Amino acid sequence: MLLFVICFNLCLTLLNLYIVVRLWHLQQYLKCLTRTFTKLEKCSHRLLAPAPANLIHMKQGTVKLRRYYQLLARQLMLLESLLQGLQVIRSIWRYQRKLIND
């Protein structure tokens, strides 16, 4: 009976030791994982923290670019109408010249 109790206690001790070792390995793994996630969070924060200010700045740039594009579009329409007017004047001038030469 005494031998059984000693063997049983020894088995329990070995089982507890195995559990302690496994828990210690799990703790080390979790520490490493925590450090990795902390580094990842710092990196993503450093990358994404200036994003709102950059987006506002880019939005302002886009608004300026759209205004400039609208101005250029109006100037292009004016230039096209001017060229059409010059073509009309040129065709009238050719017609009058043809009448004079005939």
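Start by selecting Met-1, Phe-4, Val-5, Phe-8, Leu-12, Leu-15, Tyr-18, Ile-19, Leu-23, Leu-26, Tyr-29 and Leu-30: together these residues make a nonpolar patch on the surface, with about 1300 Å² of accessible area. Keep in mind as you click around that this is a predicted model.

**One residue from the patch**

Stay with Ile-19, one of the patch residues. Color by secondary structure and you'll find Ile-19 in helix α1, which covers residues 2-48. Is Ile-19 buried, partly exposed or exposed? Its relative accessibility is 38%, so Ile-19 goes down as partly exposed.

**Zoom out**

Now show the whole chain as a cartoon. You should see 2 helices and 0 strands. Turn the C-alpha trace until you are looking along its principal axes in turn: the spans are about 140 × 30 × 15 Å. How does that sit with a compact globule of 102 residues? Such a globule would have a radius of gyration near 13 Å, but this chain has 42 Å.

Switch on the surface next. The accessible area of the protein chain adds up to about 10300 Å², and carbon and sulfur atoms account for 70% of that. If you go hunting for buried residues, expect to come back empty-handed: they make up 0% of the 102 residues.

**The cysteines**

Time to show the sulfur atoms. How many disulfides does a search of the whole structure find? The count is 0. Take Cys-7 as a case: it is in no disulfide, and the nearest cysteine sulfur, in Cys-11, lies 6.6 Å away. For a pair to count as a disulfide, the two sulfur atoms have to be within 2.5 Å. Cys-7 itself is partly exposed, at 39% relative accessible area.

Then move along to Cys-43. Why is there no bond here? Its closest cysteine sulfur belongs to Cys-32 and is 17 Å away, which is too far for a bond. With a relative accessibility of 41%, Cys-43 is also classed as partly exposed.

**Over to the other helix**

For the last stop, select Gln-84. You'll land in helix α2, residues 51-101. The relative accessible area of Gln-84 is 51%, so this residue counts as exposed; the class begins over 50%.

Finish with a distance label from Gln-84 to Asn-101, C-alpha to C-alpha. The two residues are 17 apart along the chain, and your label should read 26 Å.

Notes. Residues are numbered from 1 along each chain as its sequence is written. This is a predicted model: local features need pLDDT of at least 70, side-chain atom pairs count only at pLDDT 80 or more; totals for chains, interfaces and linings use all residues. Side-chain values use heavy atoms; hydrogens and water are left out. Helices (H or I, at least four residues) and strands (E, at least two) are DSSP runs, numbered from the N terminus. The radius of gyration is taken over C-alpha atoms; the globule rule is 2.2 Å times the number of residues to the power 0.38. Buried means under 20% relative accessible area, exposed over 50%, partly exposed in between (1.4 Å probe, protein chains only). Accessible areas come from the Shrake-Rupley method with a 1.4 Å probe; for residues, only the protein chains shown count as cover. Patches are made of residues with over 30% relative accessible area and no salt bridge: like charges are joined within 9 Å, nonpolar side chains (Val, Leu, Ile, Met, Phe, Trp, Tyr) within 5 Å. A salt bridge is a side-chain nitrogen of Lys or Arg within 4 Å of a carboxyl oxygen of Asp or Glu.
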